[in-house]
Amino acid sequence: MEKLLELTGARVWRGDDASVEALRGVTLSLHEGESVAILGPNGSGKSTLLALLAGALRIEAADGAGCRLFGEELWDIESLRHRIGLVMPEEVSRFGPDESAFHVVLSVFRGAYGVVPGMRFSMAERKAASRAVDAMGVEAMVERPFGCLSSGEKRRFLIARAMAHDPGVLVLDEPTTALDFAAAAGLQRVLRRLLKRGRTLIWVTHHPGEIPPEIGRVVMLKEGRVFADGPKRDVLTDRRLSRLFGLHLKATWSDGWCEVRA
Ligand code: ADP
Ligand code: MG
């Protein structure tokens, strides 16, 4: 399997004055073809890790520290976009309310947040956008203004947008955050369908109960460090979960799902 991300002792400082150490020496490998859940409390560095994966941030230069994407230390952000589809829920606010839902998806081919007059798309691009929309089960809503969709529908269109290039890896930052129960369950269902069809997902969450049975590996992040990494059953133990979230937790398993209670 090709290495997707290879971090060695990676440190990342964030903030305008680089005063926050968001990753504090992370060594981690992710591979194409292997779906992984990244689990950790708020502020543990999950989104920062994804920003490295998307080529949007760089690590602090230091002896022995390294960050390779697809085996390369230097990468072209444009070609990366074709290989990694990243979905950040906050992207929702970047589209005008009157933009059609289909244009939200289509505009990814121009690296834009919406379609402006004069933008042209090939038939192949339109077909690819339609395929991604179908995969997310929102084909009936393509003509609707994006601003009129529910949060769950918007989230599905954003994922379709990230899938339109047919990237090898789909990276989802807390995809069900702020969705109601039905919308979260619906999204969970379509994401499981993608996993079953063999798509590689990197799924960031702070809910262990959200990790579907098809994802076999869990990486726990705590205070900017890898706290645990391995097969799901070995990582999601009462002891590790309790230490990760800082309260006494108990995990029970059924059909490959882990339910966690305080
Ligand atoms: P998570 O996604 O796990 O909630 P993040 O990677 O977003 O965590 O954040 C890790 C740490 O870096 C947190 O302490 C957060 O406050 C800080 N941080 C993240 N982004 C910024 C930013 N743009 N400016 C300042 N601090 C930031
Ligand atoms: Mg985050």
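**Group meeting talk: a ligand shell and some salt bridges**

At 33% relative accessibility, arginine 83 counts as partly exposed. I'm starting there since that residue takes us straight into the salt bridges, and I'll get to the ligand afterwards. One thing up front: what you see above is a predicted model.

So, who does arginine 83 pair with? The partner is glutamate 2, and their closest N and O atoms are 3.3 Å apart. Now look at where the two sit. Arginine 83 belongs to helix α2, residues 77-83, while glutamate 2 is in the segment before β1 (3-14), so this pair ties together parts that are 81 residues apart in sequence. Glutamate 2 is partly exposed as well, with a relative accessible area of 36%.

Okay, next pair. Arginine 110 and glutamate 125 meet through their side chains in a salt bridge, at 2.8 Å from N to O. Here arginine 110 is in the loop between α3 (101-106) and α4 (123-135), and glutamate 125 is in helix α4 itself, so the bridge ties together parts 15 residues apart in sequence. Is each of these two buried or partly exposed? Arginine 110 comes out at 37% relative accessibility, which counts as partly exposed. Glutamate 125 comes out at 16%, and that counts as buried, because the cut-off for buried is under 20%.

A third one, quickly: arginine 144 and glutamate 153 form a salt bridge with an N to O distance of 3.9 Å. Keep in mind that the search accepts pairs within 4 Å. Arginine 144 is partly exposed, at 35% relative accessibility. And how many salt bridges turn up in the whole structure? The search finds 13. The general idea is familiar: side chains of opposite charge can pair when their charged atoms come close.

Now for the residue I'd ask you to click on, arginine 217. You'll find it in strand β8, residues 217-222. Arginine 217 is buried, with a relative accessible area of 12%. So what does a buried arginine side chain have for polar company? For one, a polar atom of that side chain lies 2.9 Å from the backbone oxygen of serine 29. For another, the arginine 217 side chain makes a polar contact with the side chain of aspartate 229, also listed at 2.9 Å. On top of that, Glu34, Arg217 and Asp229 are linked in a network of salt bridges. If you ignore neighbours within four places in sequence, the contacts of arginine 217 include Leu28, Leu30, His31, Val36, Gly230 and Lys232.

Last stop, ligand 1. Around it you'll see Arg14, Gly15, Val20, Ala22 and Pro41, then a run from Asn42 through Gly43, Ser44, Gly45, Lys46 and Ser47 to Thr48. What kinds of residues make up that shell? They divide into 3 nonpolar, 7 polar and 2 charged. Both β2 (20-31) and α1 (46-53) supply at least two shell residues, and α1 gives the largest share, with 3.

For the polar contacts, go along the start of that helix. Lysine 46 has a polar side-chain atom 2.8 Å from an oxygen of ligand 1. For serine 47, the distance from a side-chain N or O atom to a ligand oxygen is 2.9 Å, and for threonine 48 the matching value is 2.5 Å. As for cover, ligand 1 has 560 Å² of accessible area on its own, and the protein covers 62% of that.

That's what I have; happy to take questions.

Key:
Residues are numbered from 1 along each chain as its sequence is written. Chains are lettered from A and ligands numbered from 1 in the order in which they are written. This is a predicted model: local features need pLDDT of at least 70, side-chain atom pairs count only at pLDDT 80 or more; totals for chains, interfaces and linings use all residues. Side-chain values use heavy atoms; hydrogens and water are left out. A residue is near a molecule or strand if one of its heavy atoms lies within 4 Å of it. A polar contact is a pair of N or O atoms within 3.5 Å; within protein, one must be able to donate a hydrogen and the other to accept it, and residues adjacent in sequence count only if both atoms are side-chain atoms. Accessible areas come from the Shrake-Rupley method with a 1.4 Å probe; for residues, only the protein chains shown count as cover. Helices (H or I, at least four residues) and strands (E, at least two) are DSSP runs, numbered from the N terminus. Ala, Val, Leu, Ile, Met, Phe, Trp, Tyr, Cys and Pro count as nonpolar, Asp, Glu, Lys and Arg as charged, and the others, Gly among them, as polar. Buried means under 20% relative accessible area, exposed over 50%, partly exposed in between (1.4 Å probe, protein chains only). Contact means heavy atoms within 4.5 Å.
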